[in-house]
Structure formats: structure tokens, C-alpha cells
Amino acid sequence: MTDILSAIAAENGIIESTDTPNTTANTDTNNQAATTDAAEENKVTFSDLNIAKPILTALDRSGYTHPTPIQEQAIPFALAGRDLLLSAQTGSGKTAAFVIPVLDRLSRATSFDKLTKALILTPTRELAQQVHDSVRTYSKDMRGLFCVPLVGGAPYNGQITALKKGVQVIVATPGRLLDHINAGRVDLSSLEVLVLDEADRMLDMGFADDINDILKAAP
Ligand code: AMP
């Protein structure tokens, strides 16, 4: 797995968020408002990024019109189908930076079949749930698109039922996903996109062997 990460970094570099909180004090409020308006006008919007309509609608509903810096940097590359290594803090909007391009790619299909096309691996079940929530939020207007979180510590029944019905997106922790793969319940042969969220943490937690086994089940 470290080989894959090094190869992506060598080929494309690492996109790093330099997002820092704005702590500049300004006592001239009129002047500040005018500056802010002008800055807003010049800022890139999600519509500028050529994101598919249903996702734009969902973003709009969430009240998000402008991408965060990591989103602005990453989304155009990801939409172009490039492999990316992103480095950003929690709170920078990094989840949407990879969820939006994944959904955009899936939304370009004329109809949804029930094959798993995207897999997002996370180190913890909390993070998996957060990513799953994000997928659901931004795919609300994509009828027929299904996502399931496959995490350890949760009952198998609901996960198995969802897998039987068919899901295009799986968000999983490595151990539980491997259980499902070994039991023949997950088929990754049609996989198009793989996201390793917090890859460094997954390595620190000793998931390298599991991830390598998962990769063997993917094309
Ligand atoms: P994350 O860094 O992925 O944990 O995201 C932190 C928070 O930022 C989440 O609550 C998101 O809903 C929110 N968020 C994501 N994208 C944007 C955006 N473009 N504008 C404002 N907030 C956002």
C-alpha cells in the first residue's frame, strides 16, 4: 500500500491545504464589508468547477456555494480522473473534496446498475459514518444511487441486506470489509474509484496487510 501512495505522490505531488483561520482584525467595518464583497465575487464557486447538476443542487441545499481551498485545488484534478494524494486538516472540507468527484463520476452514467464502483476505506467507524453521511447528503438527488457503511462493531444483518440489494458506493473499515469479501458478499471486480481516507492513520493502526488483501480483490 505504501508503494501505491509513493507512486501517486511521485507522479502528481501532494495537494496540501494551506487553509488558515482568518484572524485579521479590522476596525473599519464599512471598508471590511466592501473588501469581503469584492473577495466573494472573485472567488471560485462550485458551479465554476463543472460539477454535475444533482450534486450542485445538493451543495446548494447544504448552503455551500464556494469550495474550501482543498476542494478548489483537488476537485478539478479528480474530475479529470487523476490519482491524488491530499493532505488537509479535519475541518478543511476534505471529505467533500473526495466525495464530490466520486459522485460526479458515478452521476455521468446514463443509468445506475447495482455494481460496486467506488470504495472508500477509513480507519475508524466514526469516520466511515461521517463519510457515509456526506455521500448521502451530496447524492440526495441521484436516484438509484446507494451507499452502505461496512464497519466493525456493527451488526452484520443490515450490512448483508444492503449488499444483497446492491450498492454502488461502499464506505468501510478494512477488517469488516475483508470479512464480507472473504464470505463472497462483496464483489470489487467493477471497482473504478478507491479512496484511502487518512491512509497514514490506517498504516499506523496496522491495517496494511488487510488493505493489501482488499486491493487483491480489486481490478
Ligand atoms: P471535513 O474537513 O471534511 O471534516 O469537513 C468539515 C466541515 O466542513 C463539515 O461539516 C462539512 O459539512 C463542512 N464543509 C464542507 N465543504 C464545505 C464548503 N464548501 N463550505 C462550507 N463548509 C463546508
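Here is a chat about the ligand site and one ring contact in a predicted model.

Modeller: Quick ground rules: residues are numbered from 1 along each chain as its sequence is written. Local features need pLDDT of at least 70, side-chain atom pairs count only at pLDDT 80 or more, totals for chains, interfaces and linings use all residues, and side-chain values use heavy atoms, with hydrogens and water left out.

Biologist: What makes the Y64 side chain a polar contact of the ligand?

Modeller: A polar contact is a pair of N or O atoms within 3.5 Å. An N or O atom in the Y64 side chain is 2.6 Å from a ligand oxygen, so that pair counts. A backbone N or O atom of S92 also has a ligand oxygen, at 3.0 Å, and a polar side-chain atom of Q130 has one at 3.5 Å.

Biologist: Which residues are closest to the ligand?

Modeller: Y64, Q71, G91, G93 and T95, out of 13 that surround the ligand; being near takes a heavy atom within 4 Å.

Biologist: Why is R176 said to lie over the face of Y156?

Modeller: For Arg, CZ must be within 6 Å of the ring centre and within 35 degrees of the ring normal. R176 is at 3.7 Å from the ring centre of Y156, so the distance fits the 6 Å limit.

Terms used: Polar contact = N/O pair within 3.5 Å; in protein donor to acceptor, adjacent residues only side chain to side chain.
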